[in-house]
Amino acid sequence: MATAKPILYGAWISSCSHRVRIALNLKGVDYEYKAVNPRTDPDYEKINPIKYIPALVDGDFVLSDSLAIILYLEDKYPQHPLVPKDIKTKGLDLQIANIVCSSIQPLQGYGVIGLHEGRLSPDESLEVVQRYIDKGFRAIEKLLDGCDSKYCVGDEIHLGDVFLAPQIHAAINRFQIDMVLTSSLIFFVQIKISAALTLHTHQNTNSNKLSFSCRRSTQSCRDFTTRTWKSRHFKPHCPRISQMHLQQNNQEIKPVTTICV
Amino acid sequence: MASAEAPAARPILYSYWRSSCSHRVRIALNLKGIDYEYRAVNLLKGEQSDPEFMKLNPMKFVPALVDGDAVIGDSYAIALYLEDKYPQRPLLPQDLKKKALNIQIASIVCSGIQPLHNLTLVRFIEQKVGTGESIPWVQQQIDRGFTAVENMIKGCAGKFAMGDEVQLADVFLAPQIFAAVTRYQTDMSNYPTLARLHGQYMTHPAFEAALPDRQPDAPSSG
């Protein structure tokens, strides 16, 4: 009897779910995607009692948390390994992943934004999130100082890249971070997640920013997007990612997968 | 006659007595019986912004570990590095599912609870949102995370979170519960399993030695 496919419960806008989608795609794992809103789907609690997303259901095993899921996938599906063998390199890779998942992403969620509502203006709220993103991105830039590999910790994609890509995606598209980012990085992000996402992307030929239209969105997401979608740009100092953009700018846009040079 | 090789230098842990992230690593080092050098970073005096410390951890967070030529910031990365480098007294089980659940619980603490009540955010809330506003915020974050973990481990018959041996989940839970009880007046009756675990941790030697007020930089009492 064929083994059932693992099921990923997630949401299109969730950058934590985004990480897992990338990992599943990289490892070539055939999975079933189920979109869920834990706040409004009453049946989700029966599937995952702690109501977090993403959640992976593998047979009778339910696992939440993107880091736990990805490391579980790493053990169960060893193809395209995401964790370096060298323990120092692994330490750096995990540090990058944890900067994203402990020090940036938790501070940009709706809960934190909601804290500020009524007490801070939308501009002030956005500025707060941008500051957390800036701090995290600058720290990662410092950690990668002098690195000349194609990706964060080598010439292959590893865990740090899997966590960084969705964070950059969110930074640009939700939080108005202008990283002078290469178009090829955007295409990398889109190709890896396009099978699961419900976004359309339209490249603005007059600039390097992309505009997004949502095919599916909850009301709260629409409200947040309306409140924070402004033309201001916050420019953290990310020379390595910027450098890649300058190098790629004159090249034909193709689905390359470089994040760091 | 050749002189004996110099003994390997002890790992150095940069820590603040009250930092629950540092507390996790202290527990892990103690459990594995690793002799280490403690170097205090006074967060209240802003020593995390010293240029020399920022070279160790550009996020300006404690803990940071220097072990020979390995330099690692972030408690989770450090814990898993120690697990690889010092395999005695393993913190992660071999079984894939139990291992994954350990990682999930540790992640709930270090991504879902602690970052939402760390010093920086609490100060921000007090300054920008209002004095006293941080308390209900922190309690709400702890409640959300503790409810999730309690639901995961209630009914666990073992002495510790995932069985009768201390594992990674305990290393992360102990400092969070300690902070919740001693600093944020959390009513642990809502989380009976976590309350029971707290009692276990408070009498385990490796956990006791890692407690904040046992650290060299803790303010002396009396």
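Where in chain B is Pro63(B) found? I would like to open with that question, and before answering I should say that what we are looking at is a predicted model. Pro63(B) is found in a loop of chain B, namely the one that runs between helix 2 (51–56) and strand 3 (64–67). The peptide bond that leads into this proline, from Val62(B) to Pro63(B), is cis, with omega near 5 degrees.

Chain A has a cis bond to show as well, since the peptide bond from Ile53(A) to Pro54(A) is cis, with omega near 0 degrees. Pro54(A), for its part, is found in the loop between helix 2 (44–47) and strand 3 (55–58) of chain A. These bonds deserve a pause because most peptide bonds are trans, and most residues other than glycine have a negative phi. On that second point, please look at Arg89(B), which is not a glycine and yet has a positive phi of about 50 degrees; Arg89(B) is found in the loop between helix 3 (75–85) and helix 4 (96–113) of chain B.

Let me now turn to the domains, where I rely on the UniProt record. For chain A, an unreviewed UniProt entry gives the annotation "domain: GST N-terminal" to residues 4–81, and over that span the chain is 35% helix and 21% strand, with the end C-alpha atoms 23 Å apart. For chain B, UniProt lists "domain: GST N-terminal" at residues 9–90, again from an unreviewed entry, and in the model this span is 35% helix and 20% strand, its end C-alpha atoms lying 22 Å apart. The annotation "domain: GST C-terminal", also from an unreviewed UniProt entry, covers residues 95–220 of chain B; here the span is 63% helix and 0% strand, and the end C-alpha atoms lie 44 Å apart.

How do the chains meet? In this model, 42 residues of chain A are in contact with 41 residues of chain B, and the area buried between the two chains is about 3,600 Å², of which carbon and sulfur atoms give 69%. Four salt bridges are found across this interface, and one of them may be examined in the structure above: Asp84(B) forms a salt bridge with Lys90(A), the closest N and O atoms being 2.7 Å apart. Between chain A and chain B there are also ten residue pairs in polar contact.

Which elements give two or more residues to the side of chain A that touches chain B? They are strand 4 (61–64), helix 3 (66–76), helix 4 (87–104), helix 5 (110–116) and helix 6 (122–143) of chain A, and helix 4 gives the most, with eleven residues. Sorted by kind, the residues on this side of chain A are 23 nonpolar, nine polar and ten charged.

I will finish with the aromatic rings, for which a search of the whole structure finds eight pairs over all chains. In one of them, the rings of Phe61(A) and Tyr72(A) have their centres 5.3 Å apart and their planes at 55 degrees, so this pair counts as tilted. Phe61(A) lies in strand 4 of chain A and Tyr72(A) in helix 3 of chain A, so the pair ties together parts that are eleven residues apart in sequence.

Note on methods
Residues are numbered from 1 along each chain as its sequence is written. Chains are lettered from A and ligands numbered from 1 in the order in which they are written. This is a predicted model: local features need pLDDT of at least 70, side-chain atom pairs count only at pLDDT 80 or more; totals for chains, interfaces and linings use all residues. Side-chain values use heavy atoms; hydrogens and water are left out. Contact means heavy atoms within 4.5 Å. Buried area is the accessible area (1.4 Å probe) that two parts lose on being put together, summed over both. A salt bridge is a side-chain nitrogen of Lys or Arg within 4 Å of a carboxyl oxygen of Asp or Glu. A polar contact is a pair of N or O atoms within 3.5 Å; within protein, one must be able to donate a hydrogen and the other to accept it, and residues adjacent in sequence count only if both atoms are side-chain atoms. Helices (H or I, at least four residues) and strands (E, at least two) are DSSP runs, numbered from the N terminus. Ala, Val, Leu, Ile, Met, Phe, Trp, Tyr, Cys and Pro count as nonpolar, Asp, Glu, Lys and Arg as charged, and the others, Gly among them, as polar. UniProt positions are given in the numbering used here, feature names are shortened, and annotations may be inferred rather than shown by experiment. Rings of Phe, Tyr and Trp (its six-membered ring) pair if their centres lie within 6.5 Å; planes under 30 degrees apart count as stacked, over 60 as edge-to-face and the rest as tilted.
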